[in-house]
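Here are a few exercises to work through with the model open in your viewer. Try each task before you read its solution.

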Amino acid sequence: MRLSTNEVTAQLLDRLWEAYLLRVPYAKKYSELVMQKGGDVVNDHIAFRTFNTHTGEQPEGIRAIKHLMNFLDYKPVGKYEFKKKKLTAVHFEHPDELFPKIFVSQLEVDQLPEWAQQEIHQAVVDTPYLISDQSLELLAMLKSDGHIPRVAAEALVVDLAQYFRRPWAIPKKDVVLRINDVSQYAAWVLLHGNSVNHFTAFINHQNVKEWPDLESTCKALSEAGIPMKESLEGDKGSKLQQSATQAVKEEVEVIGEDGLEQMSWTYAYYELAQRNYIEENGQKKLFSGFLGDQAAHLFDMTRTRDN
């Protein structure tokens with residue numbers, strides 16, 4: 001039996017979702033609440049963060065994720081710039097609209113102070129490439145034929161899933177703290193690398209009668225004990241409204257003065273998005289893009305304020 005490109009992609013996304021649920025209990029609680037009410041858990045998009053600088057054997061910046069998306073039928077659709085945060089981003093879409101969009105941002109490292117550039121470069125310059133040659137061959141076969149044998153597909157999914165973690169060595173504690181003063185985004189990437197930054201509930205497909213929109217969903221989650229962002233991004237009825245849970249913190253490994261130690265740091269939040277219709281080429285369709293100001297505010301949800 002053979003698996004198609006869509007089946008391989010779905011299995012990979014499921015693995016990333018399952019790993020994320022283990023780390024973000026707020027997302028797990030949301031899923032449980034929705035399913036208890038007979039609704040559907042559908043994700044609007046997945047976000048990743050990267051460094052646009054030489055990262056050893058791994059492709060730099062957005063290409064670190066894009067080169068894999070190309071094999072899985074995802075295509076770049078929108079480009080974004082966040083000048084104050086020194087970030088640029090691209091979002092990718094799949095032909096199947098129920099596959100989550102992929103939002104990949106990159107820090108323009110060369111816009112940071114010289115000392116910060118050097119610290120990031122030293123931390124990531126020897127990064128290994130975490131995907132095997134065999135997996136690259138299978139991806140090429142998948143791209144050309146549209147399917148590969150099941151056993152090979154299952155091995156490929158396992159190999160691809162382990163790519164989405166920090167690929168470089170454990171960072172130094174003092175470097176993380178200093179970098180955080182310049183860019184909390186940079187500190188996050190030093191600690192978490194290619195890990196999923198967040199998943200996002202697609203409220204339009206939630207199908208919970210009691211929670212018909214983003215506002216009612218956020219209210220219900222708050223009442224269920226999930227710490228939520230204080231306000232919604234976007235006006236009611238606008239083409240995109242977003243909110244999020246607060247970010248969870250994890251004990252992360254860092255290199256301190258006396259060797260390996262642990263430090264509390266933010267990992268991820270669970271975002272929620274409701275999309276509305278726009279007119280495009282004379283037809284009504286759900287807005288599928290992102291809005292710069294809203295996205296910029298959500299980047300700050302991973303700020304570690306007490307460091």
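**Exercise 1. Find the buried residues of H1 and say what they pack against.**

Step 1: the buried residues of H1 are Thr 5, Val 8, Thr 9, Leu 12, Leu 13, Leu 16, Trp 17, Tyr 20 and Leu 21. Buried means under 20% relative accessible area, exposed over 50%, and partly exposed in between (1.4 Å probe, protein chains only). Helices (H or I, at least four residues) and strands (E, at least two) are DSSP runs, numbered from the N terminus.

A word on the setup: this is a predicted model, with local features needing pLDDT of at least 70 and side-chain atom pairs pLDDT 80 or more, while totals for chains, interfaces and linings use all residues. Residues are numbered from 1 along each chain as its sequence is written, and side-chain values use heavy atoms, leaving out hydrogens and water.

Step 2: those buried residues pack against strand E1 (2-4), helix H2 (25-36), E2, helix H5 (133-145), helix H6 (150-161) and E7. Contact here is heavy atoms within 4.5 Å.

Step 3: check the length. H1 has 19 residues and spans 28 Å from first C-alpha to last, close to the expected 27 Å (1.5 Å times one less than the number of residues).

**Exercise 2. Trace the strand order of the open sheet, then place H1 and H9 on it.**

Step 1: the sheet has 7 strands in the order E3-E4-E5-E2-E7-E11-E8, with mixed pairing. Its edge strands, E3 (75-82) and E8 (240-244), each pair on one side only. Two strands count as paired if DSSP finds at least two bridges between them.

Step 2: from one strand to the next, the twist averages 20°. Axes are lines fitted to C-alpha atoms, for helices over the stretch in contact, and angles run from 0 to 180 degrees between N-to-C directions.

Step 3: look at one edge. E3 and E4 (residues 87-93) run antiparallel and are joined by 7 bridges, with Leu 87 in E4 as the bridge partner of Phe 82.

Step 4: add the helices. H1 (residues 5-23) lies across E2 (43-51) and E7 (198-202), at about 105° to E7. H9 packs on the sheet too, touching E8 and E11 (271-275), and its direction makes about 160° with that of E11.

**Exercise 3. Is Thr 217 buried or exposed, and what does Thr 217 touch?**

Step 1: Thr 217 sits in H9 (residues 214-223).

Step 2: its relative accessible area is 0%, so Thr 217 is buried.

Step 3: leaving aside neighbours within four places in sequence, Thr 217 contacts Tyr 30, Ile 203, Gln 206, Trp 211 and Leu 272.

**Exercise 4. Which side chain makes a polar contact with the side chain of Ser 288?**

Step 1: locate Ser 288 in the loop between E13 (283-286) and H10 (292-299). Its relative accessibility is 17%, so Ser 288 counts as buried.

Step 2: not counting residues up to four places away in sequence, list what Ser 288 touches: His 91, Glu 93, Lys 101 and Arg 275.

Step 3: the polar contact is with the side chain of Glu 93, at 2.8 Å. The criterion is a pair of N or O atoms within 3.5 Å; within protein, one must be able to donate a hydrogen and the other to accept it, and residues adjacent in sequence count only if both atoms are side-chain atoms.
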